[in-house]
Amino acid sequence: MYSEKVMDHFQNPRNVGEIENASGIGTVGNAKCGDIMRIYLDIDENGVIRDCKFKTFGCGAAVATSSMATELVKGKSIEEAMKVTNKAVMEALDGLPPVKVHCSLLAEEAIHAALWDYAKKHGIEIKGLEQPKTDIHEGEEDEEEY
């Protein structure tokens, strides 16, 4: 069962679209379920995220987590955006069913992938940021099916 917030963000997603000449773009997926998420960041000269948009191909939970993730990082500094975890996304949506937790992981990884792209383009290092996986199940062995 989905919370009212999940349903609202699925039916009325915020920040859908692309940012032309984005400061950073992150694309991640989940080969097991087929979800693909792309997040675009517009970061100003002070390291503040002015705008954030997304395009997601996937289930309702993937759309809802993408939408919420963009809301959580908009207006935040890079350091604050780094603190947006999958748990923070789930809490902001009043929870997700256990079989949909991977959607919140996608949202966290997409933010990190976009920040990684931004850091590479600007030749900077972002504390605590590691090169993101393109598939959130990369390196996992025989994980249980959802």
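Which side chains meet in a salt bridge at 3.9 Å, N to O? I looked this up and found Lys-5 and Asp-94. I note early that I am working with a predicted model.

**Entry 1. The pair Lys-5 and Asp-94**

I located Lys-5 in helix H1 and Asp-94 in the loop between H4 and H5. The two residues are 89 apart along the chain, and the salt bridge therefore links distant parts of it. I then looked up the accessibility of Lys-5, which is 37%, and recorded this residue as partly exposed. As background, I wrote down that side chains of opposite charge can pair when their charged atoms come close.

**Entry 2. Other salt bridges**

How many salt bridges does a search of the whole structure find? The search finds seven. I examined the one between Arg-14 and Asp-8, whose side chains meet at 2.6 Å, N to O. Arg-14 has a relative accessible area of 25% and is partly exposed. Asp-8 is also listed as partly exposed, at 29%.

I next turned to Arg-50 and Asp-42, where the N to O distance is 3.1 Å. Arg-50 has a relative accessible area of 48%, and because the class of exposed residues begins over 50%, I entered Arg-50 as partly exposed. I also found a network of salt bridges that links Asp-51, Lys-53 and Lys-74.

**Entry 3. Confidence**

I checked how far the prediction may be trusted. The protein chain has an average pLDDT of 91, and 92% of its residues score at least 70. Strand E1, residues 24-30, has a mean of 93, while E3 reaches 97. Over residues 141-146, however, the pLDDT is below 50. In the model this stretch has seven contacts beyond near neighbours in sequence. I reminded myself that where pLDDT is low, the predicted coordinates should not be read in detail.

**Entry 4. The nonpolar core**

Which residues touch the most other members of the largest nonpolar core? I found Ile-39, Leu-41, Val-73, Leu-115 and Ile-126, in a core of 37 residues. I then asked which elements supply at least two residues each, and listed strands E2 (35-43) and E3 (49-57) together with helices H2 (60-73), H3 (78-82), H4 (86-92) and H5 (101-122). Helix H5 gives the most, with ten residues. For context, I noted that in soluble globular proteins nonpolar side chains tend to be buried together.

I followed Ile-39 further. Leaving out residues up to four places away in sequence, Ile-39 touches ones including Gly-24, Ile-25, Cys-52, Phe-54, Ala-107 and Ile-111.

**Entry 5. Three residues of helix H5**

I looked up Asp-117, which is found in helix H5. Is Asp-117 buried or exposed? Its relative accessibility is 17%, and because the limit for buried residues is under 20%, Asp-117 counts as buried. Apart from neighbours within four places in sequence, Asp-117 is in contact with Ser-23, Gly-24 and Ile-25.

His-112 also lies in helix H5. I recorded His-112 as buried, at 13% relative accessibility. With neighbours within four places set aside, His-112 is in contact with Met-82, Leu-129 and Pro-132. I compared its position with that of Leu-72, 40 residues away along the chain, and found the two C-alpha atoms separated by 13 Å.

The third residue, Val-101, lies in helix H5 as well. Val-101 is partly exposed, with a relative accessible area of 26%. Outside its neighbours within four places in sequence, Val-101 is in contact with Asn-86, Met-90 and Leu-96. Val-101 and Lys-87 are 14 residues apart in sequence, with 8.9 Å between their C-alpha atoms.

**Entry 6. Two asparagines with positive phi**

I found that phi of Asn-15 is near 65°, a positive value in a residue other than glycine. For Asn-21, phi is near 55° and likewise positive. Asn-15 lies in the loop between H1 and E1, and Asn-21 is found there too. I recorded Asn-15 as buried, at 12% relative accessibility, whereas Asn-21 is exposed, at 73%.

**Entry 7. A surface patch**

Which residues make a nonpolar surface patch of about 250 Å²? I found Tyr-2, Met-7 and Phe-10. Tyr-2 is placed in the segment before helix H1 (4-11). Its relative accessible area is 33%, and I entered Tyr-2 as partly exposed.

Methods:
Residues numbered from 1 in each chain as written. Predicted model: local features only at pLDDT ≥ 70, side-chain atom pairs only at ≥ 80, totals over all residues. Heavy atoms only, no water. Patch = residues over 30% accessible without salt bridge, like charges linked within 9 Å, V, L, I, M, F, W, Y side chains within 5 Å. Areas by Shrake-Rupley, 256 points an atom, 1.4 Å probe, with all protein chains shown as cover. Salt bridge = Lys/Arg side-chain N within 4 Å of Asp/Glu carboxyl O. Helix = DSSP H or I, 4+ residues; strand = E, 2+ residues; numbered from the N terminus. Buried < 20%, exposed > 50% of the residue type's maximum accessible area, 1.4 Å probe, protein only. Core = buried A, V, L, I, M, F, W, Y, C linked by side-chain atoms within 4.5 Å. Contact = heavy atoms within 4.5 Å. pLDDT = per-residue confidence, 0-100.
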